[in-house]
Every structure is written in structure tokens, then in C-alpha cells.
Amino acid sequence: MPKRPSPGEEAGNVVHFGFRNELKSQRLKQRKMELILGLGAFSVVFAGGMLVLNWPLACTSSPNGSQDSSRPLSLPSAEGSPHFELCGMVRKTCVVDGDTFWLDGVKIRIADIDTPEISEPKCDSEYELGMKATYRLRDLLNEGPFELSSIGSRDEDRHGRKLRIVVRNGRSLGDQLVSEGLARTWSGRREPWC
């Protein structure tokens, strides 16, 4: 009596194995691995690009190469003064907010004031006042030469920003922002703006 074909066989003594399903499974695993590796490579390249764009390119240092926080940075003339814009992706000489800016690749926090937050404001009025302070700081920095001088014994804050007072013609630009109602004199801690 002839043998009946089993589920893995067809008539004519041809046996089919599950190679197609196994091959599909292997290809799917390979595609997933390629996707994961591709995303990982993209992440590394993207992170490296962001570091390059935001890395401090220059800093004020003494002739022997060490940081000298007591020496003020003077900008010689209005023609030699840098031009400030609001910060974007590239941060070399720009204004971050009402009390923080970049100068030649060095991030500086104005040490004698506090201004409203614009990155994480607690209310709409804080954001609006923070934007006014940001634009005003940009305008003040663009008005001509100024000096940066250290305050106290701390050179940097916990975020790595240089702590400096910005002075033009003997007057603190921070004091000017305070007198215009766009900042508070720094008391040693943040106080709410809402």
C-alpha cells in the first residue's frame, strides 16, 4: 500500500523543511540589529556634534597657562568689542538669558544679580520679564567696551560658569538691570518671581 504523505512531505517523495520561516526569522533579527547599531552610531555622532558646537573654544588664562580669575578682562574699544546676539546652537559670543552670556567661548554668569528664568519659568510673567532682561543685557553688552572682574574667592558656580561682574565706566551692568526693574541684587539664593 502506498504511503500517505505526512505534513512535512508532498507527493513525489519531496520533503519540505521549515527553512523559509527560519530564514525570515534570521533576516528579521539581522534588520533589528542593524537598526539598533545604526541608532547607536547616530547617537554617538549627534552627541559628539553637540559637544563640538557647545565646547568652550577659548578662555582667559595667564601667560603660564593657568587660570587667573583676579585679572579683569578688558575690551579695548567699541570697534574691538564683540557683537552679541541671542544664543542658538553655536555658543561662542551670545546672550543666554538676563544674567548669563558667552564671551569668546567662555560661559559667564553675572555674579551680582539674579534675573527671571526663561528656560523653566514658573509663570508667564516670569518668562516675559526674563525675556525683557535677556534682550536688555544683549543691548547693554553691545553698547561698547566693558570689563569683567571676579567677585570673592569663587571663580565658577556649580554649573561651570565663570562668576564675574560686568563693569562699564565704573558702573555694574547688573546694577543697571536692577535699577530698570529687570533683575534683583543677588542675595545668595534664588527667590521666586511669580
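1. A salt bridge is taken here as a side-chain nitrogen of Lys or Arg within 4 Å of a carboxyl oxygen of Asp or Glu. Glu143 and Arg136 form such a pair, with their closest N and O atoms 3.6 Å apart. The model under discussion is predicted, and the distances in this note are to be read with that in mind.

2. Overall make-up. The protein chain contains 3 helices and 12 strands. Of its 194 residues, 29% are buried. Among contacts with a separation of 6 or more, 55% join residues 24 or more positions apart. The exposed area of the chain is about 13100 Å², and carbon and sulfur atoms supply 56% of that area.

3. The core. The largest nonpolar core has 19 residues, and the members that touch the most others are Phe101, Leu141 and Val166. Two or more core residues come from each of strand E6 (100-103), strand E7 (106-110), helix H2 (124-141) and helix H3 (173-179). Which of these elements gives the most to the core? That element is H2, with 4 residues.

4. Helix H2. The length of this helix can be checked against its residue count. With 18 residues at 1.5 Å a residue, H2 should span 26 Å, and its end C-alpha atoms are 26 Å apart, so the two values agree. The buried residues of H2 are Glu126, Gly130, Met131, Ala133, Thr134, Leu137, Arg138, Leu140 and Leu141. An α-helix has 3.6 residues a turn, so residues three or four places apart point the same way. The buried residues of H2 pack against strand E4 (85-86), strand E5 (94-97), E6, E7, strand E10 (162-168) and H3.

5. Leu141 and Leu173. Leaving aside residues up to four places away in sequence, Leu141 touches Phe84, Val95, Phe101, Phe146, Val166, Arg168 and Leu173. The last of these, Leu173, is found in helix H3. Is Leu173 buried or exposed? Its relative accessibility is 2%, so Leu173 counts as buried, the cut-off being under 20%. With the same exclusion of residues up to four places away, Leu173 touches Leu140, Leu141, Val166 and Arg168. Leu173 also lies 9.4 Å from Asp112, C-alpha to C-alpha, although 61 residues separate the two in sequence.

6. Salt bridges around the end of H2. The count of salt bridges comes to 12. In the Glu143 pair that opens this note, the partner Arg136 is partly exposed, with a relative accessible area of 22%. Glu143 also meets Arg168 in a salt bridge, at 3.9 Å from N to O. That pair links distant parts of the chain: Arg168 is in strand E10, while Glu143 is in the loop between H2 and strand E9 (147-150), 25 residues apart. Arg168 has a relative accessible area of 13% and is therefore buried. Another salt bridge joins Arg138 and Asp139, with the closest N and O atoms 3.1 Å apart. Asp139 has a relative accessible area of 32%, so this residue is partly exposed.

7. A salt-bridge network. Which residues are linked in a network of salt bridges? They are Asp99, Arg109, Asp114, Glu117 and Arg190.

8. A nonpolar patch on the surface. Met33, Ile36 and Leu37 make a nonpolar surface patch of about 330 Å². Leu37 belongs to helix H1, which covers residues 19-54. The relative accessibility of Leu37 is 58%, and since the cut-off for exposed is over 50%, Leu37 counts as exposed.

9. Backbone angles to check. Most residues other than glycine have a negative phi. Asp104 has a positive phi, near 50°. Asp104 sits in the loop between E6 and E7, and its relative accessibility of 38% makes it partly exposed. Asn169 is not a glycine either, and its phi is positive at about 50°. This residue lies in the loop between E10 and strand E11 (171-172). With a relative accessibility of 79%, Asn169 counts as exposed.

Key: Residues numbered from 1 in each chain as written. Predicted model: local features only at pLDDT ≥ 70, side-chain atom pairs only at ≥ 80, totals over all residues. Heavy atoms only, no water. Core = buried A, V, L, I, M, F, W, Y, C linked by side-chain atoms within 4.5 Å. Buried < 20%, exposed > 50% of the residue type's maximum accessible area, 1.4 Å probe, protein only. Contact = heavy atoms within 4.5 Å. Expected span 1.5 Å × (residues − 1). Areas by Shrake-Rupley, 256 points an atom, 1.4 Å probe, with all protein chains shown as cover. Patch = residues over 30% accessible without salt bridge, like charges linked within 9 Å, V, L, I, M, F, W, Y side chains within 5 Å.
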